[in-house]
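Biologist: I would like a close look at a single part of this protein. Please start from one residue, then work outwards to the rest.

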Amino acid sequence: MAATILILYVSKINKVVHFPDFDKSIPLKLFPLPLIYVGNHISGLSSTSKLSLPMFTVLRKFTIPLTLLLEIIILGKRYPLSVVVSVFAIIVGAFIAAGSDLSFNLEGYTFVLLNDIFTAANGVYTKQKIDPKELGKYGVLFYNACFMVIPTVIISFSTGDFQQATHFQHWTNFLFVFQFILSCFLGFLLMYSTVLCSHYNSALTTTVVGAIKNISIAYIGMLIGGDYIFSMLNFIGLNICMAGGLRYSFLTLRGNSKPTQPGDEENALPS
């Protein structure tokens, strides 16, 4: 968050990027995105620590239908049946894989499903707020970080995480500090690229692209993670998930998954 604030503030001063100056309307325009943003991070970190990496990757697929549903409800978008079918193929695969999970952890499953809800809401509301008539993509990133950096520090104090971080023994290690700072700036790059993807496509496409990226994580985790318990149903479910994701990608590349607004049909009618 600090890296995001620093990069965008310096860029705004030097007129590299442009976003609205702060006024009393900004919090209202941004709400509820900051709360969703922090909830997404907390639930994501909690669920990762409770589940094996391949299982975490599978259950995160539920973000996709939740995003589709929220886009329909909040943004009023509609998708063709072929896209809906590919999305539900991902969910069927997730159900099969999760149903055969031999390391079931109720707390982990609860956190990851909460993370799915927060991620879907974050994507859809980000798509809504990055409209140039609202805050724009830079404004969303900057004010989101500004509003939540202090509350997040307070939360880290209350949980003891901040104290643990300050007592970390490698703060005097130059190589670690360099890599840590680099990871902060790369974190900004990751958030910016995600917002940019949503800006030019849709929140659903951004979510599916992220799921497909996890193909390598799921399969590499089976080989070198050390915490994956193999079962045939779990493996079949994983492959169904990946097949659904690739099918969605194919439809997107063909242009069949471009969402239509309710008013598009009216605009198409002759006056």
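In which helix does I236 lie?

Modeller: I236 lies in helix α12, which spans residues 232–254. Keep in mind that this is a predicted model. The relative accessibility of I236 is 36%, so I236 counts as partly exposed. Now look across to A97. I236 and A97 are 139 residues apart along the chain. Even so, 7.1 Å separates their C-alpha atoms.

That pairing fits a wider pattern. Take the contacts in the protein with a separation of 6 or more. Residues 24 or more positions apart account for 83% of them.

Next, the setting of α12. The protein has 13 helices and 0 strands. Read along the sequence, one α simply follows another. The protein has 271 residues, and 40% of them count as buried. About 15100 Å² is exposed, and carbon and sulfur atoms supply 70% of that area.

How far can you trust the picture? The mean pLDDT of the protein is 80. A value of 70 or more is reached by 87% of the residues. Among the elements, helix α1 (residues 2–13) has the highest mean pLDDT, at 93. Helix α13 (residues 264–268) has the lowest, at 41. Over residues 261–271, pLDDT stays under 50. For that stretch the model has 7 contacts beyond four places in sequence. Where pLDDT is low, the predicted coordinates should not be read in detail.

Now the record. An unreviewed UniProt entry lists residues 81–100, 106–126, 138–159, 171–191, 203–222 and 228–248 under "transmembrane region". Two of these stretches can be checked against the model. Residues 106–126 are 100% helix and 0% strand. The end C-alpha atoms of 106–126 are 30 Å apart. Residues 171–191 are 86% helix and 0% strand. For 171–191, the end C-alpha atoms are 26 Å apart.

Back to helix α1. T4 is found there. Its relative accessibility is 1%, so T4 counts as buried. What does T4 touch? Leaving aside neighbours within four places in sequence, T4 is in contact with L141, A145, F188 and M191.

H170 makes a useful contrast to T4. H170 sits in the loop between α9 (161–166) and α10 (174–200). H170 counts as partly exposed because its relative accessibility is 33%. Beyond its neighbours within four places, H170 is in contact with F176 and V177.

Then come the aromatic rings. A pair of aromatic rings is described by the distance of the centres and the angle of the planes. The count comes to 15 aromatic pairs. One of them joins F22 and F147. Their ring centres are 6.2 Å apart and their planes meet at 65°, so the pair is edge-to-face. F22 lies in the loop between α1 and α2 (26–30), while F147 lies in helix α8 (residues 136–159). The pair therefore ties together parts that are 125 residues apart in sequence. F22 counts as exposed, because its relative accessibility is 53%. F147 is partly exposed, with a relative accessible area of 28%.

A second pair is F157 and F162. Here the centres are 4.4 Å apart and the planes are at 25°, so this pair is stacked. F157 counts as partly exposed, at 42% relative accessibility. F162 is also partly exposed, with a relative accessible area of 34%.

Ring pairs can also join up. They link F19, F22, F142, Y143 and F147 into a cluster. One ring of that cluster has a charge over its face. K12 lies over the face of F19, at 4.6 Å from the ring centre.

Finally, look at two features of the backbone. Most residues other than glycine have a negative phi, and most peptide bonds are trans. K15 departs from the first habit, with a positive phi near 60°. K15 lies in the loop between α1 and α2. K15 is exposed, with a relative accessible area of 66%. The second case is the bond between F31 and P32. A cis peptide bond joins these residues, and omega is about 5°. P32 lies in the loop between α2 and α3 (33–50).

Definitions and conventions:
Residues are numbered from 1 along each chain as its sequence is written. This is a predicted model: local features need pLDDT of at least 70, side-chain atom pairs count only at pLDDT 80 or more; totals for chains, interfaces and linings use all residues. Side-chain values use heavy atoms; hydrogens and water are left out. pLDDT is the predictor's confidence in each residue, from 0 to 100. Helices (H or I, at least four residues) and strands (E, at least two) are DSSP runs, numbered from the N terminus. Contact means heavy atoms within 4.5 Å. Buried means under 20% relative accessible area, exposed over 50%, partly exposed in between (1.4 Å probe, protein chains only). Accessible areas come from the Shrake-Rupley method with a 1.4 Å probe; for residues, only the protein chains shown count as cover. UniProt positions are given in the numbering used here, feature names are shortened, and annotations may be inferred rather than shown by experiment. Rings of Phe, Tyr and Trp (its six-membered ring) pair if their centres lie within 6.5 Å; planes under 30 degrees apart count as stacked, over 60 as edge-to-face and the rest as tilted. A charge sits over a ring if NZ of Lys or CZ of Arg is within 6 Å of the ring centre and within 35 degrees of the ring normal.
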